[in-house]
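Biologist: I would like to learn how to read a structure like this one. Could we take it feature by feature?

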Amino acid sequence: MKDLFIYLRDPENIPRVTVDSVTGIIIADYAHSSSDHDLSRDAIRKAVNVIHACGRKAVVKTDRLFSEGEMAELHEYLEYLQQIGTDAIIYTDLGIKMILDEEIFTMKGIYAPETLLTDYYDINVLRNDGFDGCVISKDIPLGDVYEIINECPDYCYLRIHGPILIAYSRRRYISSYLEKKNTYLDSYYLQEESRQERLPIIEKECGSWLYDACLQSLSEVNRLLDTPVRGFIIDNVYMDDEYTMKTADLYDAVMNEEISSDEAVMTLKSFDSDIRYTDINDLRETQLDKESQ
């Protein structure tokens with residue numbers, strides 16, 4: 001059985017996830033991840049217990065970069081996650097891999113550097129270096145996705161749904177424009193002069209995340225199921241749990257052939273008319289790639 005992990009902001013919603021295809025719940029706190037929603041350590045501990053009581057894996061996002069002065073606290077935080085029984089973490093900073101290599105750690109680490117893993121040579125390097133698993137880039141052409149999965153069987157996770165991250169940096173981009181250091185979690189966008197699309201941006205003390213449209217893979221998920229992919233991730237980042245749970249229900253219905261993918265896409269778009277979607281089949285090479293062909 002392939003994993004399907006979904007990100008929930010509020011632990012109160014964990015028992016409400018009833019579809020059998022969801023094998024794990026992702027949670028996160030504000031300080032150590034891209035999440036704009038905070039959970040105390042005690043809330044994370046209780047959430048891990050509830051997730052396990054529901055028969056699912058508990059996964060914690062630690063997907064941001066850390067400075068040298070933060071490493072001691074990060075080490076202590078990871079020890080805490082280990083102590084409370086966390087099954088796996090999803091991380092971006094390679095420093096976390098060095099910590100997880102210590103003998104005291106048994107929880108798994110899924111390396112997710114967003115846009116960096118774009119070919120199977122990258123993945124083979126990770127596997128040879130002892131990485132437990134990885135999340136390949138979700139904004140590469142679908143043909144490349146299949147090639148990577150088949151060349152690196154039972155190792156790669158794929159984000160099948162959620163806003164496409166264009167860039168993450170420790171720079172505070174909004175503050176640079178407004179000349180005021182603050183936290184900007186809602187209603188801020190970047191827009192290029194020559195384009196109509198507005199790109200959501202979130203800025204926290206630890207950096208800025210810039211997003212594009214929301215990726216959806218309903219038309220392709222059953223074909224992906226037939227590959228040796230290790231698992232799927234639905235990470236809606238800044239969308240509410242109601243949307244995420246309804247989305248998970250749709251994927252489950254398509255995977256069990258209860259509804260067609262076309263019906264599922266129509267239902268998905270009815271959840272929120274303001275969400276702009278990109279079908280996984282529509283991902284193409286960058287303009288630079290096209291010009292070189």
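**Reading contacts, strands and helices**

Modeller: Arg16 and Glu242 form a salt bridge, with the closest N and O atoms 2.6 Å apart. The two residues come from distant parts of the chain, 226 residues apart: Arg16 sits in the loop between β1 (3-7) and β2 (24-27), and Glu242 in helix α8. Keep in mind that this is a predicted model.

Biologist: Is Arg16 buried, exposed or partly exposed, and on what grounds?

Modeller: The label follows from relative accessible area: under 20% is buried, over 50% is exposed, and partly exposed lies in between. Arg16 has 43% relative accessibility, so it counts as partly exposed. Glu242, at 38%, is also partly exposed.

Biologist: Where do Asp235 and Lys61, the partners of another salt bridge, lie in the chain?

Modeller: Asp235 and Lys61 have their closest N and O atoms 3.2 Å apart. This pair also links distant parts of the chain: Asp235 is in the loop between β11 and α8, Lys61 is in strand β3 (residues 57-62), and 174 residues separate them. Both Asp235 and Lys61 are buried.

Biologist: How many salt bridges does a search of the whole structure find?

Modeller: The search finds 12. In one of them the side chains of Arg223 and Glu220 meet, at 3.1 Å from N to O. Here the partners have opposite labels: Arg223 is exposed, because its relative accessible area is 51%, while Glu220 is buried, because its value is 6%. Salt bridges can also share partners, and such bridges join Arg41, Glu73 and Glu76 into one network.

Biologist: Let us turn to strands. Which strands pair with β7, and in which sense?

Modeller: A general point comes first. In a regular strand the side chains alternate between the two faces of the sheet. As for the pairing, β6 (residues 133-136) and β7 run parallel, over three bridges. Strand β11 (residues 231-234) is also parallel to β7, with four bridges. Strand β10 (residues 207-216) is antiparallel to β7, and six bridges join the two.

Biologist: Which residues can I use to check those pairings on the screen?

Modeller: Start at Tyr157 in β7, the bridge partner of Val135. Tyr157 also stands opposite Gly231 in β11. For the antiparallel pairing, go to Ala167, which stands opposite Leu210 in β10.

Biologist: Is β7 mostly covered or mostly open?

Modeller: Mostly covered: β7 spans residues 156-169, and 12 of its 14 residues are buried.

Biologist: What connects β6 to β7, and what is the hand of the unit?

Modeller: Helix α5 (residues 142-151) belongs to the unit with β6 and β7, a right-handed β-α-β arrangement. In the loop between α5 and β7 you will find Asp154. Its phi is near 55°, a positive value in a residue other than glycine. Asp154 is exposed, because its relative accessibility is 54%.

Biologist: Where is Val237, and what is its phi?

Modeller: Val237 is in the loop between β11 and α8. Its phi is near 55°, again positive in a residue other than glycine. Val237 counts as buried, because its relative accessibility is 6%.

Biologist: How do I read a helix such as α8?

Modeller: An α-helix has 3.6 residues a turn, so residues three or four places apart point the same way. Length can be checked as well. Helix α8 (residues 241-255) has 15 residues and should span 21 Å at 1.5 Å a residue; its end C-alpha atoms are 21 Å apart, so the expected span agrees.

Biologist: How many residues of α8 are buried, and which?

Modeller: The count is 12 of 15, so α8 is largely enclosed by the rest of the structure. Among the buried residues are Tyr243, Met245, Leu250, Tyr251 and Met255.

Biologist: Which residues form a nonpolar patch on the surface?

Modeller: Tyr177, Leu178, Tyr188 and Leu190 form one, with about 410 Å² of accessible area together. Tyr177 belongs to helix α6 (residues 173-178). Tyr177 is exposed, because its relative accessible area is 67%.

How values were computed. Residues are numbered from 1 along each chain as its sequence is written. This is a predicted model: local features need pLDDT of at least 70, side-chain atom pairs count only at pLDDT 80 or more; totals for chains, interfaces and linings use all residues. Side-chain values use heavy atoms; hydrogens and water are left out. Buried means under 20% relative accessible area, exposed over 50%, partly exposed in between (1.4 Å probe, protein chains only). Two strands pair if DSSP finds at least two bridges between them. A crossover is right-handed if, with the strands pointing away from the viewer, the path from the first strand over the helix to the second runs clockwise. Patches are made of residues with over 30% relative accessible area and no salt bridge: like charges are joined within 9 Å, nonpolar side chains (Val, Leu, Ile, Met, Phe, Trp, Tyr) within 5 Å. Accessible areas come from the Shrake-Rupley method with a 1.4 Å probe; for residues, only the protein chains shown count as cover. A salt bridge is a side-chain nitrogen of Lys or Arg within 4 Å of a carboxyl oxygen of Asp or Glu. The expected span of a helix is 1.5 Å times one less than its number of residues.
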